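Please look over the sequence and the structure shown here. The report after it describes the surface, one sheet and one residue.

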Amino acid sequence: MTAKPTTATDVLIVGAGPTGLLLAGDLAAAGVGVTILEKRGAESNLTRAFAVHARSLELLDARGLADDLIATGRPVTGLRMFDRFGIDLSSLPTRFPFVLITPQYHVERLLQERAEQAGATILRGAEVTALRQDAEGVTLETRDGNTFTARYAVGTDGVRSTVRDLLGIPFPGESVVDSVMLADVRLEREPADTITVGANETGFSFLAPFGDGWYRLIAWDRKEQQPDGTTPSPERLATIARTTLGEDYGLHDVRWSSTFHSDERQAPNYRSGRVFLAGDAAHCHSPAGGQGMNTGLQDAANLSWKLAAALQGRATDALLDTYQSERHPVGRTVLRTSGALIRLALAESAPTRALRGALTTLGGHLDLVTERGARMVSGIDISYPAPKDAHPQVGKRVPDLRLTALRKPVEGAPAAPERLYEALREGKFVLVSNDELAAAEPWADRMVTAAPADPHGKLRDTVLLIRPDGYAAWGAVDPGQGELRTALTAWLGTP
């Protein structure tokens with residue numbers, strides 16, 4: 001038998017979910033060769049994620065996709081966790097002060113279109129069965145006998161990640177809730193709220209619309225536990241909805257249903273040599289707060305520009321190591337917060353139920369607590385480690401600054417971006433300064449340069465270098481030319 005030829009590329013991504021698709025689109029747009037290997041032979045209609053939070057919408061805005069996605073769903077300015085306790089998102093300091101309720105498949109469709117238009121290759125029915133790596137690259141083999149090589153690989157293949165298993169990376173943790181029922185149903189009566197949540201001593205239920213007349217029901221019955229894969233009857237689904245939501249809204253026409261368990265797990269290492277883990281392959285947690293898909297999208301946005309810089313010779317291996325140091329603590333925090341929420345919602349002990357009752361009663365008065373909760377759940381409060389003597393903005397998410405051109409535009413040239421997240425659509429660093437900076441000119445092909453629209457605002461004397469993922473890399477007040485050149489060399493490589 002003649003051996004099949006080996007296919008070579010720069011980066012192999014295993015898994016065509018939201019995390020893998022965003023990563024592939026970023027890499028392809030940066031001129032990096034990328035191939036996605038997806039085990040599924042066809043698109044799946046199973047969607048577990050419905051919530052797209054503000055930080056993820058900012059990242060999609062930086063890719064020109066946010067407005068198209070918003071058109072598919074419903075913005076909701078409040079998120080109820082249990083009983084009457086929830087968080088108000090309407091005051092978030094972002095262009096997107098809400099959570100967008102839309103099925104995951106809309107996110108995947110837009111990200112896939114972007115990735116393929118940028119030149120990424122997506123191979124379906126390609127199940128990875130073997131992985132080898134050395135100092136030069138990574139080799140993956142698929143069940144159909146094909147071989148693929150790349151300089152790096154990323155496992156975005158979910159909770160049951162084959163890549164993680166082949167690397168021998170453990171996935172410690174525990175099951176946080178068993179016998180969770182999933183179902184796609186129709187309702188005779190539309191709920192008053194876009195997201196309908198209820199929890200009591202019997203269990204909990206969650207209803208969210210697909211937008212086409214179907215609803216996703218996620219429910220748990222404390223008194224009746226079934227093994228994974230069990231198909232709950234329509235009668236059982238209606239009963240748990242009535243007992244936890246107060247009514248079943250005329251639930252009928254169940255087109256699909258099943259039972260699964262929800263785990264809290266995190267890989268201790270997101271990197272092994274030339275292979276990385278992202279999304280659910282690196283961390284998984286309870287559905288409380290709708291953090292899963294959002295955390296994966298943010299993993300991809302953090303990793304993509306670093307991989308591109310390393311592949312194009314603009315960064316050392318040390319930059320790739322910051323993926324672990326920046327994203328692993330975020331994953332750990334999400335596990336803790338979502339775990340605390342689900343345990344409060346499913347409280348059995350009297351002290352925990354009392355705590356939940358106190359939060360429900362006082363939540364509306366604890367403005368500071370609820371504001372912090374909104375910023376945490378939305379993702380806009382996430383920050384990364386910074387050197388002790390760094391500018392205060394370094395390591396923090398930069399808001400959507402209003403910008404203007406540094407110099408008078410040339411007739412016929414494209415209009416200068418008016419917002420930071422428009423400027424980030426080029427996939428480059430953005431240098432914000434009130435002054436023309438001759439020292440920055442050698443790096444003009446690697447960054448967008450603009451001035452703050454308000455020359456007398458907070459940034460009037462500050463030069464701020466913003467990473468492609470929207471976080472501040474470096475900043476200084478009235479820096480010297482040598483200081484600026486040193487910073488640009490460190491972040492953008494030698495010109």
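The accessible surface of the protein, in this predicted model, comes to about 21500 Å². Carbon and sulfur atoms hold 51% of that area. Of the 495 residues in the protein, 54% are buried. Among contacts with a separation of 6 or more, 70% join residues 24 or more positions apart. The protein has 12 helices and 26 strands.

One group of strands forms an open sheet of 5 strands. Their order is 22-24-23-25-26, and the pairing is mixed. Strand 22 and strand 26 stand at the edges with a single partner strand each, so one side of each has no neighbour in the sheet. Strand 22 pairs with strand 24 in the antiparallel sense, over 2 bridges. Threonine 404 is opposite alanine 451 of strand 24.

Helix 12 lies across four of these elements, namely strand 23, strand 24, strand 25 and strand 26. The angle between helix 12 and strand 26 is about 180 degrees. The table gives the residue ranges.

| Element | Residues |
|---|---|
| Strand 22 | 403-404 |
| Strand 23 | 429-432 |
| Strand 24 | 447-452 |
| Strand 25 | 462-466 |
| Strand 26 | 472-477 |
| Helix 12 | 481-492 |

Another helix, helix 7, spans residues 292-311 and contains aspartate 299. Is aspartate 299 buried or exposed? Aspartate 299 has a relative accessible area of 1%, and buried means under 20%, so this residue is buried. Leaving out residues up to four places away in sequence, aspartate 299 touches Ala278, Gly279, His283, Tyr323 and Arg327.

Conventions: Residues numbered from 1 in each chain as written. Predicted model: local features only at pLDDT ≥ 70, side-chain atom pairs only at ≥ 80, totals over all residues. Heavy atoms only, no water. Helix = DSSP H or I, 4+ residues; strand = E, 2+ residues; numbered from the N terminus. Buried < 20%, exposed > 50% of the residue type's maximum accessible area, 1.4 Å probe, protein only. Contact = heavy atoms within 4.5 Å. Areas by Shrake-Rupley, 256 points an atom, 1.4 Å probe, with all protein chains shown as cover. Pairing = 2+ DSSP bridges. Axes fitted to C-alpha atoms, helices over the stretch in contact; angles between N-to-C directions.
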